[in-house]
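Reader: I have a protein model open and would like to learn how its descriptions are justified. Could you take me through some of them?
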Amino acid sequence: MNKTIVLLLLLTIGIISCKNSEKVINRAEITKQYYKNLDNSDYSKISEWFADSIRTIEGEHKNTYSKKEYLEILKWDAVFEPNYEILQIEQKDGIVKAKISKMDKRIFFLHEKPFVIHQIIKFQKDKIISIETDYLNFDYPTWEKNKNEILSWIDKNNPELNGFINDLTEDGGIKFLKAMELYKNN
């Protein structure tokens, strides 16, 4: 009788433990890996953390991309050899808030210093569904001055590159780099 009670007790504890051991998702860790892979331009790993669609919010700009479309934008980003540094990160109520410093060739050329941004990353289970970005140090006058100078120069000297500024494909990124190189060597 005692063996039966002990066996039933152990079986009950085992069943309860299995139910309570549902995997707790560490979204902050997923986010850290996401930034690490962005830094390394490792898309094979990045895509596994996205839902089928991703919503981005930057100020008034709200876009929804398929996973494939968003990965294309990340390939554009990779052309500029980005460096992402996590300054702060916290997970609360299933949402990850991160403070990030980002520098790359395009940002250095147009902004002349790293972006410092807050990002709010929302999940559905263990998949990223939304990334909201707030720029903390955006220097609009410097950005606009540098952007307008290169656009004017390209329009006059290399019009075949026109449109590079809004082309968020890998080819667009390559044209952007070429435009910067031609402008700097002028």
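Author: Happy to! Let's begin with a term: a residue lines a pocket if it has an atom within 4 Å of a pocket point. The largest share of the lining of the largest pocket, five residues, comes from H4. Keep in mind that this is a predicted model.

Reader: What makes H4 a helix in this list of elements?
Author: A helix is a DSSP run of at least four residues. H4 covers 67–79, so it meets that cut-off.

Reader: Which other elements help to line the largest pocket?
Author: Those giving two or more residues also include helices H2 (27–40) and H6 (140–157), along with strands E1 (50–58), E2 (61–66), E5 (115–124) and E6 (127–135).

Reader: How many residues line the largest pocket, and which are the closest to its centre?
Author: There are 29, and Glu58, Trp76, Arg106, Tyr135 and Leu168 are the closest to the centre. The space in this pocket comes to about 1,100 Å³.

Reader: Why does Trp76 count as nonpolar, and Glu58 as charged?
Author: Trp is on the nonpolar list and Glu on the charged one, so each residue takes the class of its type. Over the whole lining there are 17 nonpolar, six polar and six charged residues.

Reader: What share of the protein is buried?
Author: Of its 186 residues, 37% are buried. Each of those is called buried because its relative accessible area is under 20%.

Reader: And how many helices and strands are there?
Author: Seven helices and six strands, and the order opens with α-α-α and ends with α-α.

Key: Residues numbered from 1 in each chain as written. Predicted model: local features only at pLDDT ≥ 70, side-chain atom pairs only at ≥ 80, totals over all residues. Heavy atoms only, no water. Buried < 20%, exposed > 50% of the residue type's maximum accessible area, 1.4 Å probe, protein only. 1 Å grid on protein atoms, 1.4 Å probe; cavity = no way out; pocket = protein on both sides within 12 Å on 5 of 7 lines; lining within 4 Å. Points joined across faces, edges and corners; volume = space filled by probe spheres on them.
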